[in-house]
Each structure stands twice: as C-alpha cells, then as structure tokens.
Amino acid sequence: MILLDGKKLANELKQEIKQKVDAIIADGGKAPHLAAILVGNDGGSLTYVGHKVKACEQVGFKSTLLHFEDTSISEEFLLNEVSKLNGNKDIDGFIVQLPLPKHINADKVLLSIDPQKDVDGFHPVNVGKMTLGLPSYVSATPYGITKILERYGIETSGKHCVVVGRSNIVGRPISILMSGQSATGNATVTVCHSKTKNLKEMTLQADIIIAALGKPEFLTADMIKEGAVVIDVGTTRVTDTTTKSGWRLKGDVKYDEVAPKCHAITPVPGGVGPMTVVSLLLNTLKATNNEL
Ligand code: NAP
C-alpha cells in the first residue's frame with residue numbers, strides 16, 4: 001500500500017516555490033503578495049488562515065491579513081474592502097475566508113473579486129474556464145488532489161473514479177477535473193451525493209474514490225474494491241479527551257480497515273489538507289507571473 005503523503009509532498013512543493021521566489025527576487029522582481037479577508041473569530045477559519053499566513057512566510061511570500069473581528073460589519077463595507085484589494089497593484093491575489101456572517105451574501109462578495117486575483121478559484125469566470133479546460137485558477141482542494149495524483153504517478157486515464165460529494169468547492173470541481181483531458185484526468189467519473197441510491201454499489205466499482213462528504217469514517221472496507229486508490233478529503237473535528245485540544249480530525253474513510261485493501265490512500269491529517277494550502281501558494285505564484 002502506498003501512503004499518499006500530502007504533508008511530505010507539500011513540503012517539497014514549498015521548497016520548489018521558494019526557489020522560484022528567490023529567482024524572482026534575484027531578478028529584481030518583488031515577492032508574491034497574498035492577502036486574506038477574515039470576518040469574525042470562527043475557530044476553524046482562524047486556524048486555516050493561520051496556516052496560510054505561515055505557509056506564505058515559509059516560501060518568501062508577503063502576506064496581508066485583513067481581520068475584521070466585528071461580525072456586524074456591513075456587506076457594503078466588505079464589498080468596499082474587496083474593491084480596494086482589486087485595485088491594489090501590490091497585491092497579486094487574495095481570498096475571502098468562508099464562512100461569512102449570515103447577513104452578508106457570500107456569493108455577492110465572491111462575485112465582486114477580480115477573477116485575475118481570485119486565487120481561491122471560486123469566481124464563476126475561473127470555474128467556467130476550468131470547466132472548459134482553459135488556463136484558470138483551480139480551487140485549492142481539487143488542485144491539491146490533482147497534484148497528489150500527478151506526483152505519485154497515479155494512473156487516471158480510463159479508470160472509473162467515484163466522487164462522493166458534489167459541493168462547489170470540492171466534489172463538483174474535482175469531478176470535472178477527473179473527466180477532463182489532462183494528465184491527471186481522462187477518467188470515467190460518477191458523482192454521488194446524499195440522494196444517490198445504492199452508494200455501496202457505486203463505490204465498489206471504483207478504481208479511484210474521492211470521498212468529500214464530511215461524515216467521519218463513512219467509507220468502510222466493505223465499500224471498497226481491492227486495489228483501489230482512495231483520496232480522503234473529509235476533515236471533521238471529533239471529540240477526543242486524550243488530546244490537548246479535546247478534539248482530533250477524522251476523515252471520511254475508516255482508514256485502519258480500508259488502507260490494507262488499497263493500492264494507495266491519503267491519511268487524515270497529513271493528506272489532502274496540506275496540499276490545499278500549497279495549492280493556494282501555487283495559484284498566487286501564477287498570479288504574480290501573470291500566467292493567466
Ligand atoms: P459539503 O458542502 O457539506 O458537501 C458534502 C457533500 O456530501 C454534499 O454534496 C452531500 O450531498 C454529500 N453527502 C452528504 N452525506 C452523504 C451521504 N450519506 N452519501 C452520499 N453523499 C453525501 O462539504 P464540503 O465543503 O465539500 O466538504 C466535505 C468534507 O471535506 C468536509 O469534511 C470538509 O471539512 C472537508 N474539506 C477538507 C478540505 C481540506 O483541505 N482537507 C477542504 C475542503 C473541505 P447533497 O449535495 O445531496 O447534500
């Protein structure tokens with residue numbers, strides 16, 4: 001069984017990015033600059049943004065965090081902040097960390113981001129380009145999954161890939177990428193969701209399973225074909241009194257019983273998660289180099 005070690009791969013990719021940044025600076029250019037907008041003090045969001053800021057430091061990027069702790073800020077105020085970042089020539093790309101407070105229309109905010117600076121790849125212009133197979137910012141988690149498949153030399157062409165989950169940030173985009181004409185695509189893809197009947201019949205046919213449903217340990221050994229490749233996107237905090245924090249992360253796959261049946265599998269933590277952060281850095285580097 002091959003352990004698809006996202007943490008190790010992310011560190012390798014960070015070193016490669018750092019070398020590219022050093023070369024840009026040696027050439028008289030400026031360091032890539034990523035900005036993030038964070039509203040409120042949601043624990044998960046603070047952690048994710050913290051990881052992103054730290055990753056920027058590790059590769060020599062400049063980062064700016066606009067943290068509005070007051071969750072009562074208006075939609076208009078936030079749209080104005082986005083507009084300022086759109087116009088700020090020093091900032092190459094930026095993200096708006098979700099979720100936003102309920103009174104702010106997240107779709108409206110995401111639509112107001114300049115697609116050229118949308119390094120999260122959530123803007124419909126980028127989603128549309130990705131769907132058409134044109135150069136675009138691919139959202140970080142699906143991008144990270146394709147990098148794992150590419151770097152570990154997992155064959156996808158002609159394989160049957162079953163994606164469990166159809167969210168706009170994971171399931172839907174990765175299903176499009178897996179069926180696209182690319183080195184990590186050309187798979188025959190089945191997308192499953194909560195209304196899918198006989199899910200086990202589907203997953204048992206899969207050469208590659210991408211589990212992105214957010215239900216801890218949902219996929220069990222009896223649902224997986226011998227020799228399958230399993231990508232576990234799920235990250236749910238479950239109570240664990242033996243840890244300092246009182247919780248630990250669980251994936252969507254019952255790892256201990258599934259792993260022995262697999263050709264390759266990502267762990268949780270240390271699989272898709274670290275690759276998501278590094279993918280954001282890769283997108284920011286593309287923005288700096290005006291690659292799109
Ligand atoms: P989401 O928006 O809640 O979507 C979950 C999807 O799973 C939905 O399409 C839902 O179907 C489907 N689903 C739910 N229960 C199901 C069931 N019993 N059988 C089949 N399908 C079912 O979640 P998400 O944002 O895609 O995230 C999924 C998981 O990935 C979460 O644990 C999240 O924390 C994690 N995640 C991790 C990273 C990372 O970097 N590692 C990044 C993003 C997300 P319906 O559409 O019918 O409701």
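Is Glu-81 buried or exposed? The exercises below lead to this and related points.

The model is predicted: local features need pLDDT of at least 70, side-chain atom pairs count only at pLDDT 80 or more, and totals for chains, interfaces and linings use all residues. Residues are numbered from 1 along each chain as its sequence is written, and side-chain values use heavy atoms, with hydrogens and water left out.

**Exercise 1. Determine the burial state of Glu-81 and describe its surroundings.**

Step 1. Locate the residue: Glu-81 lies in helix H3. Helices (H or I, at least four residues) and strands (E, at least two) are DSSP runs, numbered from the N terminus.

Step 2. Apply the cut-offs: buried means under 20% relative accessible area, exposed over 50%, and partly exposed in between (1.4 Å probe, protein chains only). The relative accessible area of Glu-81 is 9%, so Glu-81 is buried.

Step 3. List the contacts, meaning heavy atoms within 4.5 Å. Neighbours within four places in sequence being left aside, Glu-81 is in contact with Ile-37, Leu-66 and Phe-68.

**Exercise 2. Describe the open sheet of three strands and the helix that packs on it.**

Step 1. Establish the order: it is S3-S2-S4, with parallel pairing. Two strands pair if DSSP finds at least two bridges between them.

Step 2. Identify the edges. Strand S3 (62–68) and strand S4 (93–96) each have a single partner strand, so one side of each is left without a neighbour in the sheet.

Step 3. Examine one pair: strand S2 (residues 33–39) and S3 are joined in the parallel sense over seven bridges. Leu-38 stands opposite His-67 in S3.

Step 4. Add the helix. Helix H3 (residues 75–87) packs on the sheet and touches S2, S3 and S4, and its direction makes about 180° with that of S2. Here axes are lines fitted to C-alpha atoms, for helices over the stretch in contact, and angles run from 0 to 180 degrees between N-to-C directions.

**Exercise 3. Describe the open sheet of six strands and the covering of strand S5.**

Step 1. Read the order: S1-S11-S8-S7-S5-S6, with parallel pairing. Strand S1 (2–3) and strand S6 (188–192) are the edge strands, and each pairs on one side only.

Step 2. Follow two pairings. Strand S7 (residues 208–211) runs parallel to strand S8 (residues 229–232), with four bridges between them. S5 and S6 also run parallel, joined by five bridges, and Cys-161 stands opposite Val-189 in S6.

Step 3. Assess S5 (residues 160–164): five of its five residues are buried. His-160, Val-162 and Val-164 point one way, whereas Cys-161 and Val-163 point the other way.

**Exercise 4. Characterise the packing of helices H6 and H7.**

Step 1. Give the geometry: the axes of helix H6 (residues 140–151) and helix H7 (residues 171–179) come within 9 Å and cross at roughly 40°.

Step 2. Name the residues in contact. H6 contributes Pro-142, Ile-145, Thr-146 and Leu-149, while H7 contributes Pro-173, Ile-174, Leu-177 and Met-178.

**Exercise 5. Show how Leu-280 relates to residues distant in sequence.**

Step 1. Place the residue: Leu-280 is found in helix H10 (residues 272–288), and Leu-280 is buried, with a relative accessible area of 2%.

Step 2. Compare the separations: Leu-280 and Lys-52 are 228 residues apart in sequence and 8.2 Å apart in space, C-alpha to C-alpha.

Step 3. Complete the contacts. Residues up to four places away in sequence not being counted, Leu-280 touches Leu-34, Lys-52, Ile-95, Val-119, Asp-120 and Ala-140.
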